[in-house]
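Visitor: I am new to this one. Could you show me around and explain the labels as we go?

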Amino acid sequence: AINALLQDAYTRECEKSLGHWNQALASAGLSYRLSLPSPRFNRRIGPFAESYWLPDGRPAATASEIAACLPGATDLEWLEALQDGAVLAPGQCAGWIAAPTLKIDGRPLDFEYVRSV
């Protein structure tokens, strides 16, 4: 029950973020809108684990219908090319994202937030 409550809270947080992104899309004059998949979609645990559901919440007849909605090998290759490798050094950001404008507790970007033990 606690896991379900946490999942619901996370879903609400994601919906709020998508609302902001959809406002940005609308401001840019684009008609496309982002949405979250149904909580039934692609579940491996919980009450929907043994059934097939499409991202929009409709039932699916087979697992292959679900597989068609998930990223494939071509999608994963595209993501890897987009990300151009891991950037793990303190103070550096990957080329495909902007450096954060707000740092944690006002610390510099190159602050060692995570320390190895």
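Visitor: How many disulfides does a search of the whole structure find?

Guide: Zero. Keep in mind that this is a predicted model.

Visitor: How do you know that Cys-14 is in no disulfide?

Guide: Look at the sulfur atoms. A disulfide needs two cysteine sulfurs within 2.5 Å. The nearest cysteine sulfur to that of Cys-14 belongs to Cys-69, and it is 19 Å away. From the side of Cys-69, the closest cysteine sulfur is in Cys-14, and 19 Å is too far for a bond.

Visitor: Why is Cys-14 called buried?

Guide: Its relative accessible area is 19%. Buried means under 20%, so Cys-14 is buried.

Visitor: What makes Cys-69 partly exposed?

Guide: Cys-69 has 37% relative accessibility. Partly exposed lies between 20% and 50%, so Cys-69 counts as partly exposed.

Visitor: How many aromatic pairs are there?

Guide: The count comes to one.

Visitor: What makes Phe-48 and Trp-53 an edge-to-face pair?

Guide: Two values. The ring centres are 6.1 Å apart, and pairing asks for centres within 6.5 Å. The planes stand at 85°, and over 60 degrees counts as edge-to-face. Therefore the pair is edge-to-face.

Visitor: Are Phe-48 and Trp-53 buried or partly exposed?

Guide: Phe-48 has a relative accessible area of 28%, so it is partly exposed. Trp-53 has 17% relative accessibility, so it counts as buried. The cut-off for buried is under 20%.

Visitor: Which residue lies over the face of Trp-53?

Guide: Arg-40 does, at 4.4 Å from the ring centre. The distance limit for a charge over a ring is within 6 Å.

Visitor: What is the phi of Asn-42?

Guide: Asn-42 has a positive phi of about 55°, although it is not a glycine. Asn-42 sits in the loop between α1 and α2.

Visitor: Why is Asn-42 called partly exposed?

Guide: Its relative accessibility is 28%. Partly exposed runs between 20% and 50%, so Asn-42 counts as partly exposed.

Visitor: Where is Ala-26 found?

Guide: Ala-26 is in helix α1, residues 2–27. Ala-26 has a relative accessible area of 39%, so it is partly exposed. Asp-8 is 18 residues away from Ala-26 along the chain, and their C-alpha atoms are separated by 26 Å.

Visitor: What makes helix α3 hardly covered?

Guide: Count the buried residues. Helix α3 covers residues 73–83, and zero of its eleven residues are buried. Just after α3, Asp-84 takes a positive phi of about 45°.

Visitor: What is the volume of the largest pocket?

Guide: About 490 Å³. The largest pocket has 19 lining residues, with Gln-7, Asp-8, Thr-11, Pro-39 and Arg-43 nearest its centre.

Visitor: How does the lining of the largest pocket divide?

Guide: Eleven residues are nonpolar, five are polar and three are charged.

Visitor: What about the second largest pocket: which residues line it?

Guide: Its lining includes Asn-42, Arg-43, Tyr-52, Trp-53 and Leu-70. The volume of this second largest pocket is about 150 Å³. By class, its lining has six nonpolar, two polar and three charged residues.

Conventions:
Residues are numbered from 1 along each chain as its sequence is written. This is a predicted model: local features need pLDDT of at least 70, side-chain atom pairs count only at pLDDT 80 or more; totals for chains, interfaces and linings use all residues. Side-chain values use heavy atoms; hydrogens and water are left out. Buried means under 20% relative accessible area, exposed over 50%, partly exposed in between (1.4 Å probe, protein chains only). Helices (H or I, at least four residues) and strands (E, at least two) are DSSP runs, numbered from the N terminus. On a 1 Å grid over the protein atoms alone, a cavity is a set of points where a 1.4 Å probe fits but cannot get out, and a pocket is an open set with protein on both sides within 12 Å along at least five of seven lines; lining residues have an atom within 4 Å of a point. Grid points are joined across faces, edges and corners, and a volume is the space filled by probe spheres set on the points. Ala, Val, Leu, Ile, Met, Phe, Trp, Tyr, Cys and Pro count as nonpolar, Asp, Glu, Lys and Arg as charged, and the others, Gly among them, as polar. Rings of Phe, Tyr and Trp (its six-membered ring) pair if their centres lie within 6.5 Å; planes under 30 degrees apart count as stacked, over 60 as edge-to-face and the rest as tilted. A charge sits over a ring if NZ of Lys or CZ of Arg is within 6 Å of the ring centre and within 35 degrees of the ring normal.
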